[in-house]
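This report introduces a structure to a reader who has not met it before. The account begins with a metal site and then turns to a ligand and to backbone features.

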Amino acid sequence: MKIDQIELFLFEIPYVTPFETSFKREYNHEGIIAKVTTADGLVGWGECVAGDTPGYSPETNVTAWYIIKEYLIPDLLAKPVSDPREIPERFKTPNRIGVRGHGMAKACLESAIWDLAAQIDNLSLRDYIGKVTGQPMKDRVSVGVSIGIQDSPEKLVDTIAGYKADGYGRFKLKIKPGRDIGDTLAARKAFPNDLIQVDANSAYHLEDAVEVFPEMDDLNLLLIEQPLDYYDIYEHHKLQKMLKTPICLDESIHTARDAQAAIELQSCRIINIKQGRMGGLTEAIRVHDTCMQAGMPVWCGGMLETGIGRSLNLALAALPNFKLPSDLSASNRYYNPDIVDPVFELNADSTLTVPTGKGLGVNVVAERLKAVTKHSETFRA
Ligand code: OSB
Ligand code: MG
């Protein structure tokens with residue numbers, strides 16, 4: 001495929017409810033959308049998950065915009081693409097200039113190329129991934145809801161009850177020092193038989209973690225996500241040894257090599273896959289395959305994406321080793337309205353249906369994208 005034009009949109013959209021993690025409380029979501037048009041007039045979409053501050057990863061929308069504009073777009077416009085899986089190698093040295101890291105910037109454009117490649121093959125992205133990997137793909141993906149830190153444990157219990165009434169069957173609670181054992185215990189007491197897991201987003205040092213997490217070990221949690229440092233694999237191994245509850249790594253895993261290290265060191269028993277954190281679908285699929293070979297289950301994390309990123313994540317999470325419920329909730333849990341049509345709705349069995357239309361299988365509604373866009377720029381070959 002030959003790329004003729006790339007448009008970038010910096011957008012900001014209000015959350016239906018504010019979202020608080022160990023690193024910040026947010027009322028609005030800021031992101032970048034890339035619209036990539038081929039010489040034949042096909043349109044592919046990508047979403048950058050960097051966010052407006054470097055709290056989850058070192059990248060932000062400003063750094064991503066800069067890397068995309070200065071390095072990645074010139075490379076894409078200069079040479080045709082034959083296969084999306086060539087993109088990571090190209091983006092290591094776009095136009096022969098080395099670009100290390102910046103995985104979220106790279107993933108934004110890589111995902112639009114995957115969307116286009118599937119469309120050119122007349123397939124949904126899910127079926128295209130199934131075809132190129134030779135793996136059987138699911139029709140529906142089991143999902144849960146990620147719940148930000150609430151004002152009090154009582155409020156948390158109410159919030160879980162609300163999502164349970166909506167049909168969600170798995171609840172992930174954000175925790176941080178001082179808002180950990182009390183909140184999780186309250187949730188477990190109120191919901192003795194439901195699937196509950198916690199996510200600390202790297203808020204603990206090993207010295208505090210060895211006090212806090214053994215106390216949570218009898219709460220029958222599905223997993224404890226990323227308690228320690230955001231690049232750490234070594235100390236998580238020490239903590240995992242002390243716990244029956246599986247540790248799940250999120251922030252620490254950027255490549256299939258990281259996954260292999262975590263597997264061999266027994267630093268976790270589960271991995272959260274986010275294609276943005278891994279620099280794109282190509283590496284995310286490699287992480288999936290590495291884990292599958294080792295017998296380690298994975299699930300798909302979310303970065304509060306719009307319907308563009310959600311559709312991409314669902315196609316990825318249709319791979320067979322996505323065995324735990326993913327952080328891919330219905331559109332109305334995040335945005336009202338979302339910028340795509342149709343929006344994603346929860347099935348009665350706490351699943352989302354993977355789109356079957358060509359490519360991402362969702363329509364980006366031009367007026368809705370326009371209404372949330374703060375800044376845009378167009379680049380032509
Ligand atoms: O750690 O999984 C995380 C959102 C922003 C940054 C980090 C994380 C999250 C989520 C959101 O948990 C999950 C979702 O998109 O539903
Ligand atoms: Mg996480």
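Donors are N, O and S atoms within 2.8 Å of the metal (3.2 Å for Na, K and Ca); water is not among the atoms, so sites may look incomplete. This is a predicted model, in which local features need pLDDT of at least 70 and side-chain atom pairs count only at pLDDT 80 or more, while totals for chains, interfaces and linings use all residues. Residues are numbered from 1 along each chain as its sequence is written, chains are lettered from A and ligands numbered from 1 in the order in which they are written, and side-chain values use heavy atoms, with hydrogens and water left out.

**Magnesium site**

The magnesium ion (ligand 2) has as protein donors Asp-199 (OD), Glu-225 (OE) and Asp-250 (OD), at 2.0 to 2.3 Å. Glu-225 belongs to strand E8 (residues 224–225) and Asp-250 to the loop between strand E9 (247–249) and helix H9 (256–265), so this pair ties together parts that are 25 residues apart in sequence. Helices (H or I, at least four residues) and strands (E, at least two) are DSSP runs, numbered from the N terminus.

**Surroundings of ligand 1**

Among the 15 residues around ligand 1, those that come nearest are Lys-172, Asp-199, Asn-201, Leu-304 and Tyr-334; a residue counts as near if one of its heavy atoms lies within 4 Å. Asp-199 thus appears both here and among the magnesium donors. The table gives polar contacts with oxygen atoms of ligand 1, a polar contact being a pair of N or O atoms within 3.5 Å.

| Residue | Protein atom | Distance to an oxygen atom of ligand 1 |
|---|---|---|
| Ser-146 | polar side-chain atom | 3.0 Å |
| Asp-327 | backbone N or O atom | 3.4 Å |
| Tyr-334 | side-chain N or O atom | 2.6 Å |

Taken alone, ligand 1 exposes 390 Å², of which the protein buries 97%; the areas come from the Shrake-Rupley method with a 1.4 Å probe.

**Backbone features**

Leu-304, one of the residues that come nearest to ligand 1, has a positive phi of about 55 degrees although it is not a glycine. Leu-304 is placed in the loop between strand E11 (298–300) and H11. Asn-336 and Pro-337 are joined by a cis peptide bond with omega about 5 degrees, and Pro-337 is found in the loop between helix H11 (307–317) and strand E12 (340–341). A cis bond also runs from Asp-341 to Pro-342, with omega near -10 degrees.

Technical notes:
A polar contact is a pair of N or O atoms within 3.5 Å; within protein, one must be able to donate a hydrogen and the other to accept it, and residues adjacent in sequence count only if both atoms are side-chain atoms.
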